[in-house]
Amino acid sequence: MTNNENATQTTAQAAAQTLAPAPTPAPRLNFAKAAPKAFKAVIGLDAAARDGLDPALVELIQIRASLLNGCAYCLHMHTSDARKAGEDEARLHMVGVWREARNFFTEKEQAALDLTEAVTLVHRGGVPDDVYARAAAHFDETELGHVLALIFTINTWNRIALSTAKVAGEDER
């Protein structure tokens with residue numbers, strides 16, 4: 001075999017490994033059964049957070065946080081919910097690149113997405129004053145409190161789904 005043939009074979013083998021499906025994770029803890037009071041508390045926070053918020057905005061926030069956290073389970077769930085609620089497919093495709101696709105989102109939605117990023121990625125230096133001020137300019141105090149609670153909640157759900165190896169497409173609600 002020539003060096004070229006070896007390189008081609010090695011590249012093909014690497015590509016095949018890259019394209020191979022990830023192994024299915026071993027079953028993990030069922031959080032709802034193992035910690036029912038904690039699970040119900042998160043459900044309660046989730047319901048309270050949504051109260052009074054536009055359902056489309058709720059899904060955009062949950063989708064953005066789930067993208068940032070790499071939570072396929074929640075991403076699948078919330079994009080499906082958004083579609084069922086009539087969300088435009090093009091907007092769903094643009095959530096991950098909303099800064100470059102601002103024309104798809106209102107100023108209020110952009111402020112919420114920016115706040116979602118800052119809170120979700122709080123380890124990168126907290127929530128900048130300008131991001132918070134922009135959100136506060138678009139939401140009254142009650143709405144802003146609910147938006148923050150929603151961001152806290154989706155980050156909690158993402159962590160539950162990721163740590164317990166929830167499988168995307170298997171909506172257990």
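**Entry 1: C74 and its contacts**

I started with C74 and looked up what it touches in this predicted model. Setting aside neighbours within four places in sequence, I found C74 in contact with S66, I154, W157, N158 and A161. I then looked up where C74 sits, and it is in helix α5, which covers residues 72-84. Buried or exposed? C74 counts as buried, because its relative accessibility is 4%, and the cut-off for buried is under 20%. I also checked C74 against R159: the two are 85 residues apart along the chain, and their C-alpha atoms are separated by 9.9 Å.

**Entry 2: the cysteine question**

Next I went looking for disulfides, and the structure holds zero. Why is there no bond between C71 and C74? The sulfur of C74 is the closest cysteine sulfur to that of C71, but the gap is 3.5 Å, so they are too far apart for a bond. A disulfide needs the sulfur atoms within 2.5 Å. I ran it from the other side as well: for C74, the closest cysteine sulfur is in C71, again at 3.5 Å. I noted that C71 is buried too, because its relative accessibility is 2%.

**Entry 3: aromatic rings**

W157 turned up among the contacts of C74, so I followed that residue next. How many aromatic pairs does the structure hold? I get two. One is F31 with F39, edge-to-face, at 6.3 Å centre to centre and with 65° between the planes. The other joins F39 and W157, also edge-to-face, with 5.5 Å between centres and 70° between planes. F39 lies in helix α3 (residues 36-50) and W157 in helix α9 (residues 141-163), so this pair ties together parts 118 residues apart in sequence. I wrote F31, F39 and W157 down as one aromatic cluster.

I compared the covers of two of these rings. F39 is partly exposed, because its relative accessible area is 24%. W157 has a relative accessible area of 16%, so I list it as buried.

**Entry 4: a patch on the surface**

Then I moved to the outside. Which residues make the nonpolar surface patch of about 240 Å²? They are V122, V127 and Y132. I looked up Y132 on its own: it is in helix α8, residues 129-138. Y132 counts as partly exposed, because its relative accessibility is 40%.

**Entry 5: the whole chain**

Last, I stepped back for the overall picture. I count nine helices and zero strands. Reading along the sequence, I get the pattern α-α-α-α-α-α-α-α-α. The chain has 173 residues, and 36% of them count as buried. Its accessible surface comes to about 10,100 Å², and carbon and sulfur atoms account for 58% of that. I also looked up how far apart in sequence the contacting residues are. Among contacts with a separation of 6 or more, 66% are between residues 24 or more positions apart. The pair of F39 and W157 is one I had already noted, as it ties together parts 118 residues apart.

Key:
Residues numbered from 1 in each chain as written. Predicted model: local features only at pLDDT ≥ 70, side-chain atom pairs only at ≥ 80, totals over all residues. Heavy atoms only, no water. Patch = residues over 30% accessible without salt bridge, like charges linked within 9 Å, V, L, I, M, F, W, Y side chains within 5 Å. Areas by Shrake-Rupley, 256 points an atom, 1.4 Å probe, with all protein chains shown as cover. Salt bridge = Lys/Arg side-chain N within 4 Å of Asp/Glu carboxyl O. Helix = DSSP H or I, 4+ residues; strand = E, 2+ residues; numbered from the N terminus. Buried < 20%, exposed > 50% of the residue type's maximum accessible area, 1.4 Å probe, protein only. Contact = heavy atoms within 4.5 Å. Phe/Tyr/Trp six-rings, centres within 6.5 Å; stacked < 30°, edge-to-face > 60°.
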